[in-house]
Amino acid sequence: AHGVSVSSSGEVAIGGKDKKVHLYTLDGDALTSKGEYELAESVTCVAYSPDGAYLAAGDAKRQVYGWETATGEMKFDRWKYHAARITSLAWTPDSQYLASGSLDTNIYIWSVAKPMSKIKILGAHPSGVVTAVQWATDNTLYSAGYDGCVRTWDITYA
């Protein structure tokens, strides 16, 4: 598997080399298949929004996809500004923004309300890959990288 995420309602998403995000419901210790989403390339990471309304997935061809969990409808699929494989995804606590980190050393912050709007943090880890992103608050993002650093980013939205 290339990424696993569990929603607040007990749904499980597992990404794989087969270019699919496999969806399951979790009941105790049993998983029941619920369907799948297909991507253009191997899935590298997945993340449910904290409110469970969205599921995002990153792929090896540098693209981020997202679906509304209630309908299964694709909500965004043009989030492709990274220059390399997506390594990590994280939602703000209010589920309105998604941060993506990549092998390209950059971080992008995407808006659900304004899908073509983005915040760029170029060269976030200039001597190495962005390995992880995680929100502390809706305006404070942490990132980690191959450079051995954990960085704090104060985000202001337009």
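This briefing covers the strands, the largest pocket and a few single residues of one protein structure. The model is predicted. One open sheet has 4 strands in the order E1-E2-E3-E4. Strand E10 is largely enclosed by the rest of the structure, because 6 of its 6 residues are buried. The largest pocket holds about 180 Å³ of space.

**The open sheet**

- Pairing in this sheet of 4 strands is antiparallel.
- E1 and strand E4 (30-38) stand at the edges. Each has a single partner strand, so one side of each is left without a neighbour in the sheet.
- From one strand to the next, the twist averages 20°.
- Strand E3 covers residues 20-27. E3 and E4 pair in the antiparallel sense, and 8 bridges link them.
- One residue pair shows this pairing: Lys20 has Glu38 in E4 as its bridge partner.

**Strand E10 and its partners**

- Strand E10 runs over residues 97-102.
- Which residues cover the two faces of E10? On one side, Tyr97, Ala99 and Gly101 are buried. On the other side, Leu98, Ser100 and Ser102 are buried.
- E9 and E10 run antiparallel and are joined by 5 bridges. Ser88 has Gly101 in E10 as its bridge partner.
- E9 and E10 also form a hairpin, with 5 residues between them. In that turn, Ser95 has a positive phi of about 65°.
- Strand E11 covers residues 107-111. E10 pairs with E11 in the antiparallel sense over 5 bridges.
- Leu98 has Trp110 in E11 as its bridge partner.
- E10 and E11 form a hairpin too, with 4 residues between them. Thr105 in the turn has a positive phi of about 80°.

**The largest pocket**

- How many residues line the largest pocket? The lining has 14 residues.
- Ser5, Val46, Ala47, Leu89 and Ala90 lie nearest the centre of the pocket.
- Three strands each supply at least two residues of the lining: E1 (4-6), E5 (43-48) and E9 (86-91).
- By class, the lining has 10 nonpolar residues, 4 polar residues and no charged residues.

**Ser5 and Gln63**

- Ser5 is found in strand E1. Ser5 is among the residues nearest the centre of the largest pocket.
- Is Ser5 buried or exposed? Ser5 has a relative accessible area of 11%, which is under the 20% cut-off, so Ser5 counts as buried.
- Ser5 and Asp154 are 149 residues apart in sequence. In space they are 25 Å apart, C-alpha to C-alpha.
- Gln63 sits in the loop between strand E6 (54-59) and strand E7 (64-68). Gln63 is buried, with a relative accessible area of 12%.
- Gln63 and His82 are 19 residues apart in sequence. In space they are 7.3 Å apart, C-alpha to C-alpha.

**Cysteines**

- A disulfide is a covalent bond between the sulfur atoms of two cysteines. This structure holds 0 disulfides.
- Cys45 is buried, with a relative accessible area of 6%.
- Cys149 is partly exposed, with a relative accessible area of 30%. That value lies between the cut-offs of 20% and 50%, so Cys149 counts as neither buried nor exposed.

Key
Residues numbered from 1 in each chain as written. Predicted model: local features only at pLDDT ≥ 70, side-chain atom pairs only at ≥ 80, totals over all residues. Heavy atoms only, no water. 1 Å grid on protein atoms, 1.4 Å probe; cavity = no way out; pocket = protein on both sides within 12 Å on 5 of 7 lines; lining within 4 Å. Points joined across faces, edges and corners; volume = space filled by probe spheres on them. Nonpolar A, V, L, I, M, F, W, Y, C, P; charged D, E, K, R; others polar. Pairing = 2+ DSSP bridges. Axes fitted to C-alpha atoms, helices over the stretch in contact; angles between N-to-C directions. Disulfide = S-S within 2.5 Å. Buried < 20%, exposed > 50% of the residue type's maximum accessible area, 1.4 Å probe, protein only.
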